[in-house]
Amino acid sequence: MSSLEIKNLHVSIGTKEIVKNLSLTIRSGEVHAIMGPNGTGKSTLAKAIAGHPDYTITSGDVLLDGRSILPQEADERARAGLFLAFQYPSDIPGVSIANFLRAALQARLAEGEELDATGYYKRLYAKMDMLKIDRKFTSRSVNDGFSGGEKKRCEILQMAMLEPKFALMDETDSGLDIDALRIVADGVNTLRGPGLGVLLITHYQRLLDYIVPDFVHVMWDGRIVKSGGKSLALELEAKGYDWVKKELVLA
Ligand code: ADP
Ligand code: MG
């Protein structure tokens, strides 16, 4: 059983504080959704946890299995078991998905250790079958000319191959058409299980019709202002974010 604990986290961009004292614990097997209006700091939270250099954690901590990840570089965090899926993934023209994934797995091995090619392809094809991804897909260059849906398929395949303890997925507003939404949902639903914790960041209530979360948190102005079960997403869909805002004003 693993845990990812975000403790009293404050994150600034330049001199502006964006995430303000946010705490949240995710355990293996749980799917948590963070929802909230645009500009509330959802992507900032994800990028700060990923170790993006533009985002400064001014106080608080992020612990993976009780150990702070803050001293670690982004790649060390990944090796420790964090997977970060981005809203706007980069293109890598000339590098096939198969070779990219192979390099990613190779990078996790100790110095001098060589990834077994036969075993690698066997595993890759098994994961692709599980996710119903066409074999031809892996010979294409990473994200080069991909549709939104194909980018998501590539991302889910990366996640399946890397077998992280925790996946942070920032799936906001732009670029997610219904096709891409379904790919993310099918992928997460296939991969979810006792060994994986998911933090799903979304602006869309609709995504949660496909991925039913165990917990829903509403983020507002850099803080989690309300938490609940999956019914909270439905309540938000029916009443909108203004409802949460009104409650805050009344409280
Ligand atoms: P969300 O993902 O909830 O829409 P963001 O985390 O993207 O919110 O943004 C939160 C706030 O931080 C916004 O006011 C946004 O303008 C600001 N912000 C985000 N990224 C940057 C950046 N790289 N430089 C300056 N301000 C930023
Ligand atoms: Mg965002």
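Ligand 1 is surrounded by Ile-13, Lys-16, Ile-18, Pro-37, Asn-38, Gly-39, Thr-40, Gly-41, Lys-42, Ser-43, Thr-44 and Tyr-55, a residue counting as near when one of its heavy atoms lies within 4 Å. The model is predicted: local features need pLDDT of at least 70, side-chain atom pairs count only at pLDDT 80 or more, and totals for chains, interfaces and linings use all residues. Residues are numbered from 1 along each chain as its sequence is written, and side-chain values use heavy atoms, without hydrogens and water.

The shell holds four nonpolar, six polar and two charged residues. Here Ala, Val, Leu, Ile, Met, Phe, Trp, Tyr, Cys and Pro are nonpolar, Asp, Glu, Lys and Arg charged, and the others, Gly among them, polar. Strand E2 (16-27) and helix H1 (42-50) each contribute at least two shell residues. H1 gives the most, with three. Helices (H or I, at least four residues) and strands (E, at least two) are DSSP runs, numbered from the N terminus.

Oxygen atoms of ligand 1 lie 3.3 Å from a polar side-chain atom of Lys-16, 2.9 Å from a polar backbone atom of Ser-43 and 2.5 Å from a polar side-chain atom of Thr-44. Taken alone, ligand 1 exposes 550 Å², of which the protein buries 60%. Accessible areas come from the Shrake-Rupley method with a 1.4 Å probe.

Thr-190 belongs to helix H6 (residues 178-191). A polar atom of the Thr-190 side chain lies 2.7 Å from the backbone oxygen of Asp-186. The C-alpha atoms of Thr-190 and Met-130 are 7.8 Å apart, with these positions 60 residues apart along the chain.

Methods. Chains lettered and ligands numbered in written order. Polar contact = N/O pair within 3.5 Å; in protein donor to acceptor, adjacent residues only side chain to side chain.
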